[in-house]
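Take a look at the sequence and the model below. The report then walks through the fold, the charged pairs, a pocket and a few single residues.

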Amino acid sequence: MNESTSLLEGVSVIIAMIFLTIVLKKYRILKKEDSKFFANIVLKVTLPAIIFSTLAVNTFNADFLFMALIMALIELAILALAWLIGTMLKFNSGEKGALMLVSAFGMTSMLGYPLIQQIFPGNSIAIEEAVVTSEFGVGLLLFILGPLIAMIYGDSTVKGNAISHSIKQFFTSPIFFALVLGFGMSFLPINQTSFAFKTATNFLSIVGAANFLLVGFTIGLIIEFKKMNHVYLFMGIVVLLKLILKPILAVVLTNSPEFTGMMREIVFIETALPSAILTAVFAKQYNCRPDLVSMAIMITLVLSILTVSGLFLVFF
């Protein structure tokens, strides 16, 4: 089975899981309020388990940091372009901030990891590449620039020290600790065939396996289908920047012998993902058009079914 078929299957399975959750919500088996619980489990338990159990058993490859750098440069370029387009079209402050948030940052952890696990089953190197690219190329910028953009362009009286609080949240999060501990373990001369090590990593792998299901629950419970009124231009720009231009930039910037085929595919997939759910949290906190941000997340999520698979087939 080639990667194109695996990608199509991976996207289809995740979307099916999300729509199953929507059905469960409709029949009140699950409730919208449950999304916060599932999101907390994902961010504080299953994602850290995947990150640690993946990094601890593999030798760290510094080349993966170059992937993260490419990812960060692409996001900064999209941020600048979104700001320029918003300025040229005379968007108001809230619309401009919302456009920047949803165009630049994607669901690289929440959706990226389970998707890559589906495309490269049992390939721990692929997951390690995804972790380094996502957390260093997206996570740092999202937690630093996300609240800053929302505060500057939003209509909020929240003080500036909230930015430092957001950064502190990242560096004290279970995800960051899993990164540090996982990298640390990879450098230590540990007997990976020992009973204790194998038991610990197997336990964390089993915990991490629940991530796929919980991500499906989380996204399915968050999605709400609402009518769009006078926001077609905004959404069209978001789709163009986030789902089309961003992955094309990834293809161009990784077209070099330094990048293996799998490295290029992973950077492409992570740039092609829908807008990050955390952007809605920041937009809500600083009143930076959270309605537009939430709608953009839903639209990019639905359209990514076509764009991720379609562009992958074109370029790979």
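What follows is a short tour of a predicted model.

## Overall fold

The protein chain holds 14 helices and zero strands. Read along the sequence, its pattern is therefore α-α-α-α-α-α-α-α-α-α-α-α-α-α, with helices and strands taken as DSSP runs.

The chain has 316 residues, and 54% of them count as buried. Contacts reach far along the sequence. Among those between residues at least 6 apart, 86% join residues at least 24 apart.

## Salt bridges: a buried pair

Side chains of opposite charge can pair when their charged atoms come close. How many salt bridges does a search of the whole structure find? The count is three.

One of them joins K246 and E75. Their closest N and O atoms are 3.7 Å apart. This pair links distant parts of the chain. K246 sits in helix 11, residues 232–253. E75 belongs to helix 3, residues 63–88. The two are 171 residues apart. Are K246 and E75 buried or exposed? Both are buried.

## Salt bridges: a linked network

E95, R289 and D291 are linked in a network of salt bridges. E95 bridges to R289, with 3.6 Å between the closest N and O atoms. That pair also links distant parts of the chain, 194 residues apart. E95 lies in helix 4, residues 93–104. R289 lies in the loop between helix 13 and helix 14 (290–315). The side chain of R289 also meets that of D291 in a salt bridge, at 2.9 Å from N to O.

Accessibility can be read for each member of this network. E95 has 21% relative accessibility, so it counts as partly exposed. R289 is at 25% and therefore counts as partly exposed. D291 has a relative accessible area of 42%, so D291 is partly exposed as well. The cut-offs behind these labels are under 20% for buried and over 50% for exposed.

## The second largest pocket

Rolling a probe the size of a water molecule over the atoms shows where empty space is left. The second largest pocket has a volume of about 380 Å³. Its lining is made by 20 residues. Which of them lie nearest the centre? They are S53, T54, Q117, I127 and S205.

Four elements give two or more residues to this lining: helix 2 (34–55), helix 5 (112–119), helix 6 (124–153) and helix 9 (195–209). Helix 9 supplies the largest share, six residues. By residue type, the lining of the second largest pocket divides into nine nonpolar, 11 polar and no charged.

## S275: a buried loop residue

S275 is placed in the loop between helix 12 (261–271) and helix 13 (278–285). Why does S275 count as buried? Its relative accessibility is 0%, so S275 falls in the buried class.

Its surroundings come from several parts of the sequence. Leaving aside neighbours within four places, S275 is in contact with V102, F105, G106, M107, V238, K242, A296, I297 and T300. V102 offers a further detail. A polar atom of the S275 side chain lies 2.6 Å from the backbone oxygen of V102. Another residue to locate is I299, 24 residues from S275 in sequence. The C-alpha atoms of S275 and I299 are 9.0 Å apart in space.

## T46 and L65

T46 is in helix 2. At 2% relative accessibility, T46 counts as buried because the limit is under 20%. Not counting residues up to four places away, T46 touches I41, V207, G208, A210, N211 and L214.

L65 is found in helix 3. Its relative accessibility is 38%, so L65 counts as partly exposed. Leaving aside neighbours within four places, L65 is in contact with F60, V132 and F136. How far apart are the C-alpha atoms of L65 and V132? The separation is 6.6 Å, for residues 67 apart along the chain.

Technical notes
Residues numbered from 1 in each chain as written. Predicted model: local features only at pLDDT ≥ 70, side-chain atom pairs only at ≥ 80, totals over all residues. Heavy atoms only, no water. Buried < 20%, exposed > 50% of the residue type's maximum accessible area, 1.4 Å probe, protein only. Contact = heavy atoms within 4.5 Å. Polar contact = N/O pair within 3.5 Å; in protein donor to acceptor, adjacent residues only side chain to side chain. 1 Å grid on protein atoms, 1.4 Å probe; cavity = no way out; pocket = protein on both sides within 12 Å on 5 of 7 lines; lining within 4 Å. Points joined across faces, edges and corners; volume = space filled by probe spheres on them. Nonpolar A, V, L, I, M, F, W, Y, C, P; charged D, E, K, R; others polar. Salt bridge = Lys/Arg side-chain N within 4 Å of Asp/Glu carboxyl O.
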